[in-house]
Amino acid sequence: MDRILSDWVRDARARTLGLAASLPADGLLGPRLAIVNPPLWELGHVAWFQERWVLRHAAGRPPLRAGADALYDSIAIPHDVRWDLPLPSLAETVGYLREVEAGVLALLERGEADPYFARLSVFHEDMHWEAMAFSRQTLGWPAPPGLPASAAGAGPEGDAALPGGTFRLGAAPGDGFVFDNEKWAHPVELAPFRIARTPVTEARFAEFVDDGGYRRRALWSEAGWRWREAAGAEHPAYWERAGDGWRRREFDRRVPLAAGRPVAHVCAHEADAFCRWAGRRLPSEAEWEAAATAEGAPLGGAGSVWEWTASDFLPYPGFVADPYREYSQPWFGTHRVLRGGSFATPARLLRPTFRNFYTPDRRDPWAGFRTCAA
């Protein structure tokens, strides 16, 4: 029996059930927005995904719920349709979550579960837990139970100097479970570079805002300026004026900015514009990974916010999709790579080679950035 994996299954499911139990009274479906899922649907999807891959695909079990594929298959069901489905009640959905968990744990107890697919299901659930926490922030709902406190300080300032040279980007065989987009390590040539030891802080980003950064066309790329105008953005998401300064909304509360806290809820376009204002640039994902794995751990504040990079989300040489083919392949070329992890990301999911990816206009994740010397 793999006790660590069994503990992970229990822990991930307990987090998900905590979200289910703490939904607001009117929060089963929530508003129809492009950046959120209906919570009731998302809870059922988590159960379905684990059943689909661990119980049905790997163990050959019959479906636990007739018609579940027609409700919860995220590839087959368009996003906008998910509010209109005949979803089971919250009690029935929680029952489904518990039934799938019991089936997976029984397989693990007997040593019959495929460890790859069991891990895949746990990491998928971890990602949805964080996404459901994003949704609560987006909607102004209370913080989910069990959410760690966000990082108040990022650490020592200044740049770390990296020598460049040949760096092997990506995961190596034998590294344990990795996603297909991390495969495999391949040589990348890096010029010497300097990278900030800490992410950009709220105080520093406020200087950019107060200096008219959102109104200065020269600081923005063509795509960034189109986004800024369409979004009407004048400051980071959830910021608002408070006297002569700023405060931000954190779930259902208003809190003052913290000078040393990494700025969050900024999109890649905002990060790019700040870099032009500051005479800096975003690191490539290879530079970020090289710094994260360098001797002496030069990256402070890593893990407090996801960090935008300058790299488009593209396959590594020789890419081959894993069995869950839709995890990476559909998103190549349209998304931007983020690295690191946020305070809300379960630690078991993270490693230096992990590649997160969002379209460059997304502001709902806990995403910030660090900079490199130009």
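Tutor: A pocket is an open set of points on a 1 Å grid over the protein atoms alone, with room for a 1.4 Å probe and with protein on both sides within 12 Å along at least five of seven lines; its lining residues have an atom within 4 Å of a point. The model is predicted: local features need pLDDT of at least 70 and side-chain atom pairs 80 or more, whereas totals for chains, interfaces and linings use all residues. Residues are numbered from 1 along each chain as its sequence is written, and side-chain values use heavy atoms, leaving out hydrogens and water.

Student: What is the volume of the largest pocket?

Tutor: A volume is the space filled by probe spheres set on the grid points, which are joined across faces, edges and corners. For the largest pocket this gives about 1,100 Å³.

Student: Which element supplies the largest share of the lining of the largest pocket?

Tutor: The lining has 36 residues, and those closest to the pocket centre are Asn37, His128, Trp331, Tyr358 and Arg362. At least two lining residues come from each of α2 (39–58), α5 (115–139) and β11 (356–358); helices (H or I, at least four residues) and strands (E, at least two) are DSSP runs numbered from the N terminus. The largest share, eight residues, belongs to α5.

Student: How many disulfides does the structure hold?

Tutor: A disulfide requires two cysteine sulfur atoms within 2.5 Å. The sulfur of Cys275 lies 8.5 Å from the closest one, in Cys372, and is therefore too far for a bond. The number of disulfides is zero.

Student: Is Cys275 buried or exposed?

Tutor: Buried means under 20% relative accessible area, and exposed over 50%. Cys275 has 2%, so Cys275 is buried.

How values were computed
Buried < 20%, exposed > 50% of the residue type's maximum accessible area, 1.4 Å probe, protein only.
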